[in-house]
Amino acid sequence: MSAPNKPTAELLAFISKLAKFLDSVRGTDKALMLIQYISKVLAWRLNVRAAAVEDGLSSPLASRLLNLAGPIGDFRILLRYYGLLPLIRWIILSELNPASSPKLQTLTRLQNLCNLFYYPLEHLYWLSAHKVLHFSDAVTSNLSKWSCRFWGGYVVLYYVQLFEEYQLLSDREKQLASSSSTDSKTDKEERIAIKNEKYSLLVNSVINTAYFPMTIHFSLQNSPIPDSLISVCGLAASVLQITTAWQAMK
């Protein structure tokens, strides 16, 4: 068999990488999230254009896009049923291998606590929404809202974690600046590592900022945040997460 030419080899490498990405639950979730929020953003823009032509008019294509986004969002909740066991595993590992500072370790424990409430409450909501469990509409609604409030708690704690990690990176940078061997290979590698970690903190801060209004929106009975902004935030978070995950793959 002859070796494939360069374009074919690159195509095969891309397909292999994409298959590997989608083979993970997390990769599938983020790909579906991208489709879900692209559909919602397009539906919003189509409805705005239709309303500009005639007041109260909606786009038939927008309705079809929302019909696609709805089941995708529902399936993504079902997909998160996988999350509880990895969470328990992570809790055990985070206790066996503590964080680099007592403050970070406390933040990790509080985040784990939030997730221990978030996942089961969301699971119960999904089961009730699909009539597997027979809770009242009020209880079902509260299950959804409280799960998102614990998600919001996690997001707020993650801001604190990111700030603490930035402080630790700044301390490393100061120590490096005061080092006498500033031109050594080890110091140069450390500078590159710090630069990469700072970039990662920046990206994670932007992703967290995209998620923050979503946690507020889904936690309230009558949210002041418009659906259009939530769709844009969801799209931004999905694009950034897919990009970082794709770049991290070998």
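A salt bridge here is a side-chain nitrogen of Lys or Arg within 4 Å of a carboxyl oxygen of Asp or Glu. I kept that cut-off beside me while going through this predicted model.

**Entry 1: Arg-80 and Glu-122**

I began with the side chains of Arg-80 and Glu-122, and they meet in a salt bridge with 2.7 Å from N to O. That value lies within the 4 Å limit, so the pair counts. I then looked up where the two partners sit: Arg-80 is in the loop between H3 and H4, while Glu-122 belongs to helix H5. The two residues are 42 apart, and the pair links distant parts of the chain. Are they buried or exposed? Both Arg-80 and Glu-122 turn out to be buried.

**Entry 2: around Asp-29**

Next I went to Asp-29, which forms a salt bridge with Arg-76, their closest N and O atoms being 2.8 Å apart. This pair also links distant parts of the chain, with Arg-76 in helix H3 and Asp-29 in helix H2 (residues 25-53), 47 residues apart. I found a salt bridge between the side chains of Lys-30 and Asp-29 too, at 3.3 Å from N to O.

How accessible are these residues? I worked from the rule that buried means under 20% relative accessible area. Asp-29 has 9% relative accessibility, so I noted it as buried. Lys-30 is buried because its relative accessible area is 9%. Arg-76, at 8%, therefore counts as buried as well.

Going back over the partners after Arg-80 and Glu-122, which are both buried, I saw that shared salt-bridge partners join Asp-29, Lys-30 and Arg-76 into one network. A search of the whole structure gives eight salt bridges.

**Entry 3: H3 against H5**

I turned to how two of the helices pass each other. Two packed helices are described by the angle between their axes and the distance between the axes. For helix H3 (residues 60-79) and H5, the axes come within 10 Å and cross at roughly 130°. That makes H3 and H5 oblique to each other, because the angle is neither over 145 degrees nor between 65 and 115. I also noted the hand: H3 passes H5 in a left-handed crossing.

**Entry 4: the nonpolar patch**

Then I moved to the surface. I found a nonpolar patch of about 960 Å², with Leu-85, Trp-90, Leu-113 and Phe-117 among its residues. Which elements give two or more residues to it? They are helix H4 (84-96) and helix H5 (102-129). H4 gives the most, with six residues.

I picked out Ile-92 for a closer look, as one of the patch residues and a part of helix H4. Its relative accessibility is 48%, so Ile-92 counts as partly exposed; the label exposed would need over 50%.

**Entry 5: stepping back**

Last, I checked the chain as a whole. It has eight helices and zero strands, and from the N terminus on the elements run α-α-α-α-α-α-α-α. Its C-alpha atoms fill a box of roughly 70 × 55 × 45 Å, taken along the principal axes. Of the 250 residues, 33% count as buried, and I had already met Arg-80 and Glu-122 as buried residues.

Note on methods
Residues are numbered from 1 along each chain as its sequence is written. This is a predicted model: local features need pLDDT of at least 70, side-chain atom pairs count only at pLDDT 80 or more; totals for chains, interfaces and linings use all residues. Side-chain values use heavy atoms; hydrogens and water are left out. Patches are made of residues with over 30% relative accessible area and no salt bridge: like charges are joined within 9 Å, nonpolar side chains (Val, Leu, Ile, Met, Phe, Trp, Tyr) within 5 Å. Accessible areas come from the Shrake-Rupley method with a 1.4 Å probe; for residues, only the protein chains shown count as cover. Helices (H or I, at least four residues) and strands (E, at least two) are DSSP runs, numbered from the N terminus. Buried means under 20% relative accessible area, exposed over 50%, partly exposed in between (1.4 Å probe, protein chains only). Axes are lines fitted to C-alpha atoms, for helices over the stretch in contact, and angles run from 0 to 180 degrees between N-to-C directions. Angles under 35 degrees count as roughly parallel, over 145 as roughly antiparallel, 65 to 115 as roughly perpendicular and the rest as oblique. A crossing is left-handed if the near helix is turned anticlockwise from the far one by less than a right angle, and right-handed if clockwise.
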